[in-house]
Amino acid sequence: SAALLGVLQVLGRNTFIQVSADTQAELDEFVNCFLFLMTRAEYEIRDRYATAMVNMNPLIGNVVALSGFKTTDAHLAVLGRQQNNLVKVLTLYSARNRMRIDRKKLFDINPTLTSLWYSIFFGIYHSTCVDEESWNHLREHVAYVDPRLTHLNQFHHMCFAASYIDPDRDRLLKYQVNTVLQGSLRRSQVARKDKPDPRRIAVITNRWFPSHSVFRNQATWLAALRPEYDLELFHLGPLHPDTDRSLFSAVHEVSIKEGKLDVSPLMGNDFAMAYYPEVGMCMESIMLSNVRVAPIQVTSYGHSVSTFGSDIDYWIGSAEVELPEELSNNYSERVVLLPGLGIANLKPAYELQNKPIRQDRLVVNCSWYPQKVNWPLVGMMKRVLERSPRHVLLRFFSGGGLMEVNHFLPFVRSLQGALGADRIEVLPGLNYQKYMTAMEEGALSLDAYHYGGCNTVVDSLHIRRPIATLSGTKWYNRIGGGILRKAGFPELVAETKEAFIDLCVRLINDTAWREDLTARMKATDIDSRLYDRPEDGRHFKQAIDYLIAHHPELKQQGSKQPIQPILVS
(Lines give C-alpha, C1' and ligand atoms only; values in the text may rest on other atoms or scores of the structure.)
Protein backbone atom coordinates (compact mmCIF):
# COMPACT_ATOMS: atom_id res chain seq x y z
CA SER A 1 0.00 0.00 0.00
CA ALA A 2 2.81 2.42 0.88
CA ALA A 3 4.59 1.71 -2.41
CA LEU A 4 1.42 2.18 -4.47
CA LEU A 5 0.63 5.44 -2.68
CA GLY A 6 4.17 6.64 -3.36
CA VAL A 7 3.77 6.16 -7.11
CA LEU A 8 0.33 7.80 -7.06
CA GLN A 9 1.71 10.81 -5.23
CA VAL A 10 4.33 11.27 -7.96
CA LEU A 11 1.60 11.06 -10.63
CA GLY A 12 -0.43 13.61 -8.68
CA ARG A 13 2.45 16.09 -8.63
CA ASN A 14 3.21 15.80 -12.36
CA THR A 15 0.42 16.67 -14.78
CA PHE A 16 0.93 15.34 -18.32
CA ILE A 17 0.40 17.87 -21.11
CA GLN A 18 1.41 15.24 -23.65
CA VAL A 19 2.49 11.60 -23.39
CA SER A 20 5.24 9.94 -25.40
CA ALA A 21 5.02 6.30 -26.50
CA ASP A 22 7.47 5.29 -23.77
CA THR A 23 5.58 7.17 -21.07
CA GLN A 24 2.31 5.67 -22.27
CA ALA A 25 3.78 2.19 -21.97
CA GLU A 26 4.95 2.96 -18.42
CA LEU A 27 1.52 4.31 -17.48
CA ASP A 28 -0.18 1.22 -18.88
CA GLU A 29 2.20 -1.05 -16.99
CA PHE A 30 1.63 0.72 -13.67
CA VAL A 31 -2.16 0.77 -14.08
CA ASN A 32 -2.12 -2.90 -15.05
CA CYS A 33 -0.12 -3.77 -11.94
CA PHE A 34 -2.18 -1.53 -9.67
CA LEU A 35 -5.56 -2.86 -10.82
CA PHE A 36 -4.31 -6.47 -10.70
CA LEU A 37 -3.34 -6.00 -7.05
CA MET A 38 -6.60 -4.21 -6.21
CA THR A 39 -8.64 -7.19 -7.42
CA ARG A 40 -6.61 -9.80 -5.51
CA ALA A 41 -8.57 -10.96 -2.49
CA GLU A 42 -5.35 -11.65 -0.56
CA TYR A 43 -4.26 -7.99 -0.90
CA GLU A 44 -5.80 -6.18 2.06
CA ILE A 45 -5.61 -2.41 2.47
CA ARG A 46 -5.05 -2.00 6.18
CA ASP A 47 -6.86 0.65 8.20
CA ARG A 48 -3.88 2.99 8.42
CA TYR A 49 -3.83 3.29 4.61
CA ALA A 50 -7.60 3.36 3.98
CA THR A 51 -8.09 7.14 4.13
CA ALA A 52 -5.05 7.85 1.96
CA MET A 53 -6.21 5.35 -0.66
CA VAL A 54 -9.76 6.73 -0.85
CA ASN A 55 -8.35 10.27 -1.12
CA MET A 56 -6.55 9.13 -4.29
CA ASN A 57 -9.88 8.35 -5.99
CA PRO A 58 -9.94 11.34 -8.44
CA LEU A 59 -6.29 10.87 -9.40
CA ILE A 60 -6.80 7.14 -9.95
CA GLY A 61 -9.81 7.86 -12.15
CA ASN A 62 -7.73 10.19 -14.33
CA VAL A 63 -4.65 7.94 -14.46
CA VAL A 64 -6.78 4.96 -15.48
CA ALA A 65 -8.43 7.16 -18.12
CA LEU A 66 -4.96 7.91 -19.50
CA SER A 67 -4.23 4.18 -19.79
CA GLY A 68 -5.58 1.60 -22.17
CA PHE A 69 -8.03 0.43 -19.47
CA LYS A 70 -10.01 3.75 -19.58
CA THR A 71 -12.23 2.83 -16.59
CA THR A 72 -12.22 0.48 -13.61
CA ASP A 73 -15.62 -1.05 -14.46
CA ALA A 74 -14.32 -4.59 -14.99
CA HIS A 75 -12.30 -4.48 -11.78
CA LEU A 76 -15.23 -3.22 -9.72
CA ALA A 77 -17.27 -6.13 -11.10
CA VAL A 78 -14.61 -8.52 -9.80
CA LEU A 79 -14.55 -6.78 -6.40
CA GLY A 80 -18.33 -7.07 -6.20
CA ARG A 81 -17.93 -10.85 -5.75
CA GLN A 82 -15.46 -10.49 -2.87
CA GLN A 83 -15.91 -9.93 0.86
CA ASN A 84 -14.59 -6.98 2.89
CA ASN A 85 -14.01 -4.96 -0.26
CA LEU A 86 -15.30 -1.51 0.79
CA VAL A 87 -11.95 0.35 0.83
CA LYS A 88 -11.05 -0.97 -2.62
CA VAL A 89 -14.48 -0.13 -4.03
CA LEU A 90 -14.33 3.41 -2.65
CA THR A 91 -10.82 3.80 -4.05
CA LEU A 92 -11.79 2.71 -7.58
CA TYR A 93 -15.39 3.93 -7.94
CA SER A 94 -15.43 7.39 -9.55
CA ALA A 95 -17.56 9.47 -11.91
CA ARG A 96 -15.70 7.89 -14.83
CA ASN A 97 -17.36 4.53 -14.20
CA ARG A 98 -20.21 3.44 -16.46
CA MET A 99 -21.46 0.88 -13.96
CA ARG A 100 -23.41 2.00 -10.89
CA ILE A 101 -23.13 0.97 -7.24
CA ASP A 102 -25.93 1.69 -4.77
CA ARG A 103 -24.65 4.55 -2.61
CA LYS A 104 -27.04 3.71 0.21
CA LYS A 105 -25.50 0.27 0.55
CA LEU A 106 -22.05 1.82 0.81
CA PHE A 107 -23.24 4.14 3.60
CA ASP A 108 -24.87 1.16 5.32
CA ILE A 109 -21.49 -0.59 5.57
CA ASN A 110 -19.42 2.34 6.90
CA PRO A 111 -20.99 5.84 6.99
CA THR A 112 -17.78 7.60 8.02
CA LEU A 113 -15.52 6.17 5.31
CA THR A 114 -18.27 6.43 2.71
CA SER A 115 -18.80 10.09 3.65
CA LEU A 116 -15.12 10.65 2.89
CA TRP A 117 -15.58 8.95 -0.47
CA TYR A 118 -18.78 10.88 -1.18
CA SER A 119 -16.95 14.19 -0.82
CA ILE A 120 -13.81 13.10 -2.67
CA PHE A 121 -15.96 11.83 -5.57
CA PHE A 122 -16.41 15.49 -6.62
CA GLY A 123 -12.64 15.95 -6.95
CA ILE A 124 -12.72 14.74 -10.56
CA TYR A 125 -15.34 17.18 -11.85
CA HIS A 126 -12.88 19.49 -13.62
CA SER A 127 -12.15 16.87 -16.28
CA THR A 128 -15.36 14.83 -16.37
CA CYS A 129 -18.22 17.31 -16.94
CA VAL A 130 -17.31 17.29 -20.64
CA ASP A 131 -18.14 13.56 -20.97
CA GLU A 132 -21.83 12.60 -21.26
CA GLU A 133 -21.70 9.46 -19.10
CA SER A 134 -19.54 11.08 -16.43
CA TRP A 135 -21.70 14.22 -16.45
CA ASN A 136 -24.81 12.13 -15.78
CA HIS A 137 -22.97 10.14 -13.10
CA LEU A 138 -21.98 13.35 -11.30
CA ARG A 139 -25.57 14.59 -11.44
CA GLU A 140 -26.73 11.33 -9.86
CA HIS A 141 -24.14 11.87 -7.14
CA VAL A 142 -25.38 15.39 -6.37
CA ALA A 143 -28.94 14.07 -6.22
CA TYR A 144 -28.09 11.48 -3.55
CA VAL A 145 -27.67 13.26 -0.20
CA ASP A 146 -27.48 10.69 2.58
CA PRO A 147 -28.57 11.89 6.04
CA ARG A 148 -25.50 10.09 7.46
CA LEU A 149 -23.16 12.35 5.49
CA THR A 150 -20.91 13.56 8.28
CA HIS A 151 -17.22 13.25 7.38
CA LEU A 152 -16.94 16.38 5.23
CA ASN A 153 -13.45 15.98 3.84
CA GLN A 154 -12.96 18.41 0.94
CA PHE A 155 -16.49 19.82 1.36
CA HIS A 156 -15.19 22.91 -0.45
CA HIS A 157 -15.06 20.82 -3.66
CA MET A 158 -18.50 19.38 -2.88
CA CYS A 159 -20.18 22.77 -2.53
CA PHE A 160 -18.27 24.39 -5.37
CA ALA A 161 -18.69 21.53 -7.81
CA ALA A 162 -22.39 20.93 -7.14
CA SER A 163 -23.43 24.26 -8.67
CA TYR A 164 -21.55 23.53 -11.88
CA ILE A 165 -22.92 19.99 -12.08
CA ASP A 166 -26.58 20.49 -11.18
CA PRO A 167 -27.79 24.03 -10.45
CA ASP A 168 -31.24 22.77 -9.52
CA ARG A 169 -30.09 20.29 -6.86
CA ASP A 170 -26.99 21.96 -5.41
CA ARG A 171 -29.07 23.54 -2.64
CA LEU A 172 -29.97 20.15 -1.12
CA LEU A 173 -26.33 19.20 -0.73
CA LYS A 174 -25.35 22.64 0.61
CA TYR A 175 -28.13 22.58 3.21
CA GLN A 176 -26.82 19.22 4.41
CA VAL A 177 -23.23 20.47 4.55
CA ASN A 178 -24.22 23.61 6.45
CA THR A 179 -26.35 21.61 8.90
CA VAL A 180 -23.43 19.30 9.67
CA LEU A 181 -21.01 22.23 10.00
CA GLN A 182 -23.29 24.16 12.33
CA GLY A 183 -23.42 21.12 14.59
CA SER A 184 -19.66 20.61 14.58
CA LEU A 185 -18.77 24.30 14.94
CA ARG A 186 -20.83 25.07 18.03
CA ARG A 187 -17.64 25.21 20.09
CA SER A 188 -16.11 27.63 17.59
CA GLN A 189 -18.62 30.41 18.20
CA VAL A 190 -16.98 33.83 18.33
CA ALA A 191 -17.24 35.73 21.61
CA ARG A 192 -18.15 39.36 20.84
CA LYS A 193 -18.32 42.56 22.81
CA ASP A 194 -21.77 43.50 24.08
CA LYS A 195 -21.89 46.78 22.19
CA PRO A 196 -20.77 46.58 18.53
CA ASP A 197 -19.27 49.65 16.92
CA PRO A 198 -21.56 50.68 14.02
CA ARG A 199 -18.54 51.95 12.09
CA ARG A 200 -16.45 48.78 12.16
CA ILE A 201 -16.69 46.04 9.53
CA ALA A 202 -14.77 42.78 9.21
CA VAL A 203 -14.01 41.87 5.59
CA ILE A 204 -13.52 38.09 5.28
CA THR A 205 -11.98 36.60 2.12
CA ASN A 206 -8.93 34.87 0.67
CA ARG A 207 -9.26 36.44 -2.79
CA TRP A 208 -8.37 40.10 -2.17
CA PHE A 209 -5.63 40.62 -4.74
CA PRO A 210 -5.82 42.64 -7.99
CA SER A 211 -5.66 39.77 -10.48
CA HIS A 212 -8.69 37.96 -9.03
CA SER A 213 -12.26 38.50 -10.16
CA VAL A 214 -13.46 39.06 -6.57
CA PHE A 215 -11.16 42.08 -6.26
CA ARG A 216 -11.94 43.28 -9.78
CA ASN A 217 -15.67 43.26 -9.06
CA GLN A 218 -15.75 44.68 -5.54
CA ALA A 219 -12.72 46.91 -4.93
CA THR A 220 -14.78 49.98 -5.88
CA TRP A 221 -17.46 48.94 -3.39
CA LEU A 222 -15.14 48.59 -0.42
CA ALA A 223 -13.27 51.77 -1.33
CA ALA A 224 -16.58 53.64 -1.04
CA LEU A 225 -16.87 52.58 2.61
CA ARG A 226 -13.73 54.49 3.50
CA PRO A 227 -13.22 56.78 5.38
CA GLU A 228 -16.54 56.48 7.23
CA TYR A 229 -15.98 52.84 8.14
CA ASP A 230 -13.00 51.15 9.76
CA LEU A 231 -12.34 47.97 7.75
CA GLU A 232 -10.22 45.05 8.94
CA LEU A 233 -9.29 42.21 6.61
CA PHE A 234 -9.46 38.63 7.84
CA HIS A 235 -7.59 36.62 5.23
CA LEU A 236 -8.70 33.01 5.06
CA GLY A 237 -5.76 30.62 4.99
CA PRO A 238 -2.12 31.65 4.49
CA LEU A 239 -1.82 35.27 3.38
CA HIS A 240 -1.62 35.62 -0.41
CA PRO A 241 1.60 37.47 -1.38
CA ASP A 242 -0.32 39.94 -3.58
CA THR A 243 -3.01 40.74 -1.00
CA ASP A 244 -4.07 44.39 -1.30
CA ARG A 245 -3.91 45.98 2.17
CA SER A 246 -4.68 49.55 1.14
CA LEU A 247 -8.24 49.74 2.52
CA PHE A 248 -7.66 48.04 5.84
CA SER A 249 -6.53 49.28 9.24
CA ALA A 250 -5.33 45.76 10.10
CA VAL A 251 -4.87 42.39 8.37
CA HIS A 252 -5.26 39.03 10.14
CA GLU A 253 -5.16 35.35 9.14
CA VAL A 254 -7.91 32.84 9.92
CA SER A 255 -6.87 29.26 9.15
CA ILE A 256 -7.73 25.64 9.70
CA LYS A 257 -5.23 24.21 12.18
CA GLU A 258 -5.05 20.48 12.89
CA GLY A 259 -8.41 20.03 11.19
CA LYS A 260 -10.17 22.73 13.22
CA LEU A 261 -11.07 26.29 12.31
CA ASP A 262 -9.04 28.69 14.44
CA VAL A 263 -11.30 31.69 15.14
CA SER A 264 -9.03 33.24 17.77
CA PRO A 265 -8.20 36.32 15.61
CA LEU A 266 -11.92 37.19 15.71
CA MET A 267 -12.49 36.69 19.42
CA GLY A 268 -13.66 39.66 21.48
CA ASN A 269 -14.41 41.80 18.42
CA ASP A 270 -16.78 44.77 18.26
CA PHE A 271 -17.66 44.62 14.56
CA ALA A 272 -21.18 45.63 13.56
CA MET A 273 -20.92 43.64 10.33
CA ALA A 274 -19.00 40.78 8.78
CA TYR A 275 -18.81 41.22 5.01
CA TYR A 276 -17.82 38.25 2.85
CA PRO A 277 -16.92 39.29 -0.72
CA GLU A 278 -17.44 35.60 -1.50
CA VAL A 279 -18.38 32.38 0.27
CA GLY A 280 -17.47 29.02 -1.22
CA MET A 281 -14.03 29.42 -2.76
CA CYS A 282 -12.20 27.87 0.16
CA MET A 283 -13.04 25.59 3.09
CA GLU A 284 -12.46 28.35 5.63
CA SER A 285 -15.12 30.60 4.08
CA ILE A 286 -17.75 27.86 4.12
CA MET A 287 -16.93 27.00 7.72
CA LEU A 288 -16.80 30.59 8.96
CA SER A 289 -20.07 31.48 7.22
CA ASN A 290 -21.70 29.04 9.66
CA VAL A 291 -20.31 30.95 12.66
CA ARG A 292 -21.81 34.20 13.96
CA VAL A 293 -18.87 36.57 13.63
CA ALA A 294 -20.90 39.80 13.90
CA PRO A 295 -24.55 40.82 14.46
CA ILE A 296 -24.98 41.41 10.71
CA GLN A 297 -23.50 39.07 8.10
CA VAL A 298 -23.52 39.89 4.39
CA THR A 299 -22.17 38.41 1.16
CA SER A 300 -22.45 38.95 -2.58
CA TYR A 301 -21.46 37.74 -6.05
CA GLY A 302 -17.75 37.04 -5.51
CA HIS A 303 -18.85 33.41 -5.76
CA SER A 304 -22.22 33.91 -7.37
CA VAL A 305 -24.16 31.08 -5.71
CA SER A 306 -26.16 31.23 -2.49
CA THR A 307 -24.70 29.53 0.56
CA PHE A 308 -28.08 27.78 0.95
CA GLY A 309 -28.36 27.56 4.69
CA SER A 310 -25.29 29.11 6.30
CA ASP A 311 -25.46 31.87 8.95
CA ILE A 312 -25.51 34.75 6.43
CA ASP A 313 -28.28 37.35 6.69
CA TYR A 314 -28.17 39.33 3.45
CA TRP A 315 -27.08 39.03 -0.17
CA ILE A 316 -26.18 42.22 -2.05
CA GLY A 317 -27.83 41.68 -5.42
CA SER A 318 -28.65 43.35 -8.73
CA ALA A 319 -32.10 44.77 -9.55
CA GLU A 320 -31.02 45.03 -13.18
CA VAL A 321 -29.85 41.43 -13.68
CA GLU A 322 -31.86 39.29 -11.25
CA LEU A 323 -35.33 37.95 -12.07
CA PRO A 324 -37.60 38.93 -9.13
CA GLU A 325 -39.66 35.76 -9.41
CA GLU A 326 -36.52 33.60 -9.03
CA LEU A 327 -35.00 35.24 -5.93
CA SER A 328 -36.63 32.96 -3.35
CA ASN A 329 -35.55 29.94 -5.38
CA ASN A 330 -31.98 31.13 -5.90
CA TYR A 331 -31.07 32.46 -2.44
CA SER A 332 -31.52 31.43 1.18
CA GLU A 333 -30.26 34.88 2.22
CA ARG A 334 -32.51 37.94 2.10
CA VAL A 335 -31.55 39.81 -1.07
CA VAL A 336 -30.80 43.53 -1.07
CA LEU A 337 -31.38 44.79 -4.61
CA LEU A 338 -29.22 47.65 -5.89
CA PRO A 339 -29.32 49.46 -9.23
CA GLY A 340 -26.78 48.26 -11.75
CA LEU A 341 -25.15 44.91 -12.38
CA GLY A 342 -24.45 43.85 -8.79
CA ILE A 343 -20.71 44.38 -9.31
CA ALA A 344 -18.45 47.37 -9.94
CA ASN A 345 -16.05 46.41 -12.74
CA LEU A 346 -12.48 47.60 -12.66
CA LYS A 347 -10.91 48.24 -16.04
CA PRO A 348 -8.77 45.21 -16.99
CA ALA A 349 -5.08 45.73 -16.27
CA TYR A 350 -4.03 45.01 -19.82
CA GLU A 351 -2.68 47.30 -22.52
CA LEU A 352 -3.90 46.27 -25.95
CA GLN A 353 -1.15 44.78 -28.10
CA ASN A 354 -3.27 45.23 -31.24
CA LYS A 355 -2.21 41.79 -32.38
CA PRO A 356 -3.65 40.89 -35.77
CA ILE A 357 -6.46 38.38 -35.79
CA ARG A 358 -5.13 34.97 -36.80
CA GLN A 359 -5.68 34.39 -40.52
CA ASP A 360 -4.96 30.70 -41.14
CA ARG A 361 -7.73 29.64 -38.72
CA LEU A 362 -10.78 31.50 -37.45
CA VAL A 363 -10.02 31.35 -33.73
CA VAL A 364 -13.04 31.41 -31.43
CA ASN A 365 -12.18 32.28 -27.82
CA CYS A 366 -13.78 29.97 -25.25
CA SER A 367 -12.55 31.50 -22.01
CA TRP A 368 -14.14 28.82 -19.85
CA TYR A 369 -12.75 27.22 -16.74
CA PRO A 370 -12.97 23.44 -17.28
CA GLN A 371 -15.81 22.92 -14.80
CA LYS A 372 -17.94 25.16 -17.05
CA VAL A 373 -17.43 22.83 -20.01
CA ASN A 374 -20.37 20.50 -19.47
CA TRP A 375 -21.92 17.94 -21.77
CA PRO A 376 -24.97 20.05 -22.82
CA LEU A 377 -22.64 22.94 -23.72
CA VAL A 378 -20.43 20.57 -25.71
CA GLY A 379 -23.56 19.42 -27.54
CA MET A 380 -24.34 23.00 -28.52
CA MET A 381 -20.76 23.53 -29.70
CA LYS A 382 -20.98 20.37 -31.79
CA ARG A 383 -24.02 21.78 -33.58
CA VAL A 384 -22.24 25.10 -34.08
CA LEU A 385 -19.22 23.37 -35.63
CA GLU A 386 -21.44 21.28 -37.91
CA ARG A 387 -22.68 24.54 -39.43
CA SER A 388 -19.23 26.20 -39.59
CA PRO A 389 -16.31 25.97 -42.03
CA ARG A 390 -13.54 23.48 -41.31
CA HIS A 391 -11.01 26.22 -40.61
CA VAL A 392 -12.81 27.24 -37.39
CA LEU A 393 -10.82 26.52 -34.21
CA LEU A 394 -12.37 26.63 -30.74
CA ARG A 395 -9.61 27.75 -28.37
CA PHE A 396 -10.27 26.78 -24.75
CA PHE A 397 -8.58 28.78 -22.00
CA SER A 398 -8.61 26.33 -19.10
CA GLY A 399 -6.85 28.41 -16.44
CA GLY A 400 -5.21 26.37 -13.70
CA GLY A 401 -8.14 24.04 -13.14
CA LEU A 402 -6.64 21.16 -15.15
CA MET A 403 -3.20 21.25 -13.56
CA GLU A 404 -4.09 19.09 -10.54
CA VAL A 405 -4.52 15.29 -10.22
CA ASN A 406 -3.72 14.89 -13.95
CA HIS A 407 -6.95 16.40 -15.24
CA PHE A 408 -5.43 17.92 -18.39
CA LEU A 409 -5.12 15.06 -20.88
CA PRO A 410 -8.34 13.23 -19.93
CA PHE A 411 -10.19 16.54 -20.43
CA VAL A 412 -8.49 17.20 -23.77
CA ARG A 413 -9.12 13.67 -25.05
CA SER A 414 -12.80 13.77 -24.09
CA LEU A 415 -13.22 17.13 -25.81
CA GLN A 416 -11.41 15.91 -28.91
CA GLY A 417 -13.65 12.85 -29.02
CA ALA A 418 -16.77 15.00 -28.87
CA LEU A 419 -15.75 17.87 -31.18
CA GLY A 420 -12.83 16.59 -33.26
CA ALA A 421 -9.11 16.87 -32.58
CA ASP A 422 -8.65 19.33 -35.45
CA ARG A 423 -11.42 21.67 -34.23
CA ILE A 424 -10.22 22.43 -30.70
CA GLU A 425 -7.17 23.71 -28.87
CA VAL A 426 -6.85 23.61 -25.07
CA LEU A 427 -4.32 25.96 -23.50
CA PRO A 428 -2.98 25.19 -20.03
CA GLY A 429 -2.92 27.91 -17.37
CA LEU A 430 -1.56 31.28 -18.54
CA ASN A 431 -0.90 34.41 -16.55
CA TYR A 432 -3.29 37.27 -17.25
CA GLN A 433 -1.07 39.12 -19.71
CA LYS A 434 -0.39 36.02 -21.83
CA TYR A 435 -4.05 35.01 -21.66
CA MET A 436 -5.22 38.39 -22.96
CA THR A 437 -2.56 38.46 -25.67
CA ALA A 438 -3.73 35.04 -26.86
CA MET A 439 -7.34 36.26 -26.74
CA GLU A 440 -6.43 39.06 -29.17
CA GLU A 441 -5.67 36.40 -31.81
CA GLY A 442 -9.32 35.37 -31.76
CA ALA A 443 -11.93 36.93 -34.03
CA LEU A 444 -14.76 36.47 -31.54
CA SER A 445 -15.63 34.91 -28.19
CA LEU A 446 -18.37 32.68 -26.83
CA ASP A 447 -19.73 32.63 -23.28
CA ALA A 448 -20.27 29.40 -21.34
CA TYR A 449 -23.64 28.04 -20.20
CA HIS A 450 -25.24 27.21 -17.74
CA TYR A 451 -22.51 28.80 -15.63
CA GLY A 452 -21.66 31.89 -17.62
CA GLY A 453 -18.85 34.37 -17.34
CA CYS A 454 -18.57 37.86 -15.92
CA ASN A 455 -14.98 39.10 -16.09
CA THR A 456 -14.36 36.93 -19.15
CA VAL A 457 -17.12 38.90 -20.92
CA VAL A 458 -15.43 42.12 -19.80
CA ASP A 459 -12.10 40.77 -21.07
CA SER A 460 -13.56 40.16 -24.53
CA LEU A 461 -15.08 43.64 -24.67
CA HIS A 462 -11.77 45.14 -23.52
CA ILE A 463 -9.97 43.69 -26.54
CA ARG A 464 -12.99 44.68 -28.71
CA ARG A 465 -14.07 41.19 -29.70
CA PRO A 466 -17.78 40.36 -30.05
CA ILE A 467 -18.98 37.73 -27.59
CA ALA A 468 -22.20 35.70 -27.74
CA THR A 469 -23.96 34.89 -24.47
CA LEU A 470 -27.06 32.94 -23.40
CA SER A 471 -29.35 34.16 -20.62
CA GLY A 472 -30.86 31.85 -18.01
CA THR A 473 -32.59 32.34 -14.66
CA LYS A 474 -29.59 32.95 -12.37
CA TRP A 475 -27.28 35.92 -12.00
CA TYR A 476 -24.28 33.91 -13.17
CA ASN A 477 -25.94 33.15 -16.51
CA ARG A 478 -27.52 36.59 -16.86
CA ILE A 479 -24.62 38.89 -15.95
CA GLY A 480 -22.94 38.43 -19.35
CA GLY A 481 -26.09 39.72 -21.04
CA GLY A 482 -26.32 42.55 -18.52
CA ILE A 483 -22.77 43.66 -19.32
CA LEU A 484 -23.36 43.49 -23.07
CA ARG A 485 -26.56 45.52 -22.84
CA LYS A 486 -24.86 48.17 -20.70
CA ALA A 487 -21.99 48.29 -23.22
CA GLY A 488 -24.52 48.83 -26.04
CA PHE A 489 -24.59 45.39 -27.71
CA PRO A 490 -27.94 43.72 -26.87
CA GLU A 491 -27.93 41.82 -30.17
CA LEU A 492 -25.22 39.55 -28.72
CA VAL A 493 -27.59 38.21 -26.04
CA ALA A 494 -29.63 35.08 -26.79
CA GLU A 495 -32.66 34.04 -24.73
CA THR A 496 -32.96 30.39 -25.85
CA LYS A 497 -30.47 27.63 -26.66
CA GLU A 498 -31.57 27.54 -30.30
CA ALA A 499 -31.14 31.30 -30.60
CA PHE A 500 -27.68 31.00 -28.98
CA ILE A 501 -26.59 28.36 -31.49
CA ASP A 502 -27.86 30.54 -34.35
CA LEU A 503 -26.06 33.57 -32.88
CA CYS A 504 -22.77 31.67 -32.60
CA VAL A 505 -23.09 30.40 -36.18
CA ARG A 506 -23.83 33.89 -37.50
CA LEU A 507 -20.85 35.41 -35.67
CA ILE A 508 -18.62 32.76 -37.25
CA ASN A 509 -20.05 32.74 -40.79
CA ASP A 510 -21.21 36.33 -41.34
CA THR A 511 -17.86 38.06 -41.69
CA ALA A 512 -19.34 41.45 -42.60
CA TRP A 513 -21.61 41.50 -39.52
CA ARG A 514 -18.80 40.38 -37.23
CA GLU A 515 -16.43 43.02 -38.56
CA ASP A 516 -19.14 45.68 -38.23
CA LEU A 517 -19.63 44.69 -34.57
CA THR A 518 -15.88 44.84 -34.01
CA ALA A 519 -15.69 48.30 -35.59
CA ARG A 520 -18.60 49.51 -33.44
CA MET A 521 -16.86 48.20 -30.31
CA LYS A 522 -13.69 50.06 -31.22
CA ALA A 523 -15.71 53.25 -31.76
CA THR A 524 -17.71 52.89 -28.51
CA ASP A 525 -16.53 54.37 -25.23
CA ILE A 526 -16.99 51.10 -23.36
CA ASP A 527 -14.80 52.31 -20.51
CA SER A 528 -17.25 55.02 -19.40
CA ARG A 529 -20.16 52.59 -19.61
CA LEU A 530 -18.61 49.82 -17.51
CA TYR A 531 -15.78 51.23 -15.37
CA ASP A 532 -15.17 54.05 -12.91
CA ARG A 533 -18.85 54.51 -12.16
CA PRO A 534 -18.95 56.33 -8.79
CA GLU A 535 -22.65 55.58 -8.37
CA ASP A 536 -21.85 51.84 -8.00
CA GLY A 537 -19.75 52.42 -4.91
CA ARG A 538 -22.15 55.04 -3.56
CA HIS A 539 -25.16 52.72 -3.82
CA PHE A 540 -23.26 49.91 -2.11
CA LYS A 541 -22.28 52.18 0.79
CA GLN A 542 -25.86 53.39 1.17
CA ALA A 543 -27.05 49.79 1.30
CA ILE A 544 -24.51 48.99 4.03
CA ASP A 545 -25.61 52.12 5.92
CA TYR A 546 -29.21 50.98 5.62
CA LEU A 547 -28.56 47.45 6.88
CA ILE A 548 -26.60 48.64 9.90
CA ALA A 549 -29.32 51.19 10.77
CA HIS A 550 -32.32 48.90 10.20
CA HIS A 551 -31.12 45.35 10.89
CA PRO A 552 -33.12 44.87 14.13
CA GLU A 553 -36.44 45.70 12.46
CA LEU A 554 -35.53 43.74 9.31
CA LYS A 555 -34.70 40.73 11.46
CA GLN A 556 -37.96 41.07 13.36
CA GLN A 557 -39.91 40.97 10.10
CA GLY A 558 -38.75 37.39 9.51
CA SER A 559 -39.27 37.97 5.80
CA LYS A 560 -37.40 36.86 2.69
CA GLN A 561 -38.92 39.58 0.55
CA PRO A 562 -36.18 41.48 -1.31
CA ILE A 563 -35.05 44.77 0.17
CA GLN A 564 -34.73 47.84 -2.04
CA PRO A 565 -33.38 50.60 0.19
CA ILE A 566 -34.02 54.20 -0.79
CA LEU A 567 -30.81 55.37 -2.44
CA VAL A 568 -29.66 58.93 -3.07
CA SER A 569 -28.15 59.57 -6.49
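Colleague: I've just come across P227, which is found in the loop between α13 and β2. What is the omega of the peptide bond leading from R226 into P227?

Modeller: This is a predicted model, by the way. That bond, from R226 to P227, is cis, with omega near 10°. Another cis peptide bond joins Y449 and H450, and its omega is about 15°. You'll find H450 in the loop between β13 and α19.

Colleague: And what makes N84 an oddity?

Modeller: N84 has a positive phi, about 50°, although it is not a glycine. Look for N84 in the loop between α5 (73-79) and α6 (86-92).

Colleague: Back to the strands. How do you know that β1 and β6 are paired?

Modeller: Pairing asks for at least two bridges. Five bridges join β1 (residues 192-205) to β6 (residues 269-276), so by that rule the two strands pair. They run parallel. You can look up some of the contacts in β6: V203 has Y275 as its bridge partner, and R192 stands opposite N269.

Colleague: What makes β1 and β2 a pair as well?

Modeller: Six bridges join β1 to β2, and at least two are needed, so they count as paired. These strands are parallel too. In β2, E232 is the bridge partner of A202. To get from β1 to β2 the chain goes through α13, making a right-handed β-α-β crossover.

Colleague: Why is that crossover called right-handed?

Modeller: Picture the strands pointing away from you: if the path from the first strand over the helix to the second runs clockwise, the crossover is right-handed. The path here is β1, then α13, then β2, and it gets the right-handed label, which means it runs clockwise in that view.

Colleague: What is the order of the strands in the sheet that holds β1?

Modeller: Seven strands make an open sheet, in the order β3-β2-β1-β6-β7-β8-β9, with parallel pairing.

Colleague: Why are β3 and β9 the edges there?

Modeller: β3 (250-254) and β9 (334-338) each have a single partner strand, so each has one side without a neighbour in the sheet. The sheet has a twist to it as well: neighbouring strands are turned by 35° against each other on average, ignoring direction.

Colleague: How do you know that α13 touches this sheet?

Modeller: A contact needs heavy atoms within 4.5 Å. Helix α13 (residues 213-225) lies across β1, β2 (230-236), β6 and β8 (314-318), at about 155° to β6. Helix α24 (residues 534-557) packs on the sheet too, touching β1, β6, β7 (296-299), β8 and β9, and its direction makes about 150° with that of β9.

Colleague: What about the open sheet of six strands?

Modeller: Its order is β12-β11-β10-β13-β14-β15, and the pairing is parallel. The edge strands are β12 (424-427) and β15 (493-494), each pairing on one side only.

Colleague: What makes β13 and β14 a pair in that sheet?

Modeller: Two bridges join β13 (residues 444-446) to β14 (residues 467-470). The rule is at least two, so they make the cut. One of the contacts links S445 with its bridge partner I467 in β14.

Colleague: Last topic, the largest pocket. Which residues lie nearest its centre?

Modeller: H212, S213, Y369, Q371 and G400 do, out of 45 lining residues. The space inside is about 1,400 Å³. Helix α11 supplies the largest share of the lining, four residues, and α13 is among the helices that give at least two.

Colleague: How do the lining residues divide by type?

Modeller: There are 18 nonpolar, 22 polar and five charged. Gly counts as polar, so G400 goes into the polar group.

Conventions. Residues are numbered from 1 along each chain as its sequence is written. This is a predicted model: local features need pLDDT of at least 70, side-chain atom pairs count only at pLDDT 80 or more; totals for chains, interfaces and linings use all residues. Side-chain values use heavy atoms; hydrogens and water are left out. Axes are lines fitted to C-alpha atoms, for helices over the stretch in contact, and angles run from 0 to 180 degrees between N-to-C directions. On a 1 Å grid over the protein atoms alone, a cavity is a set of points where a 1.4 Å probe fits but cannot get out, and a pocket is an open set with protein on both sides within 12 Å along at least five of seven lines; lining residues have an atom within 4 Å of a point. Grid points are joined across faces, edges and corners, and a volume is the space filled by probe spheres set on the points.
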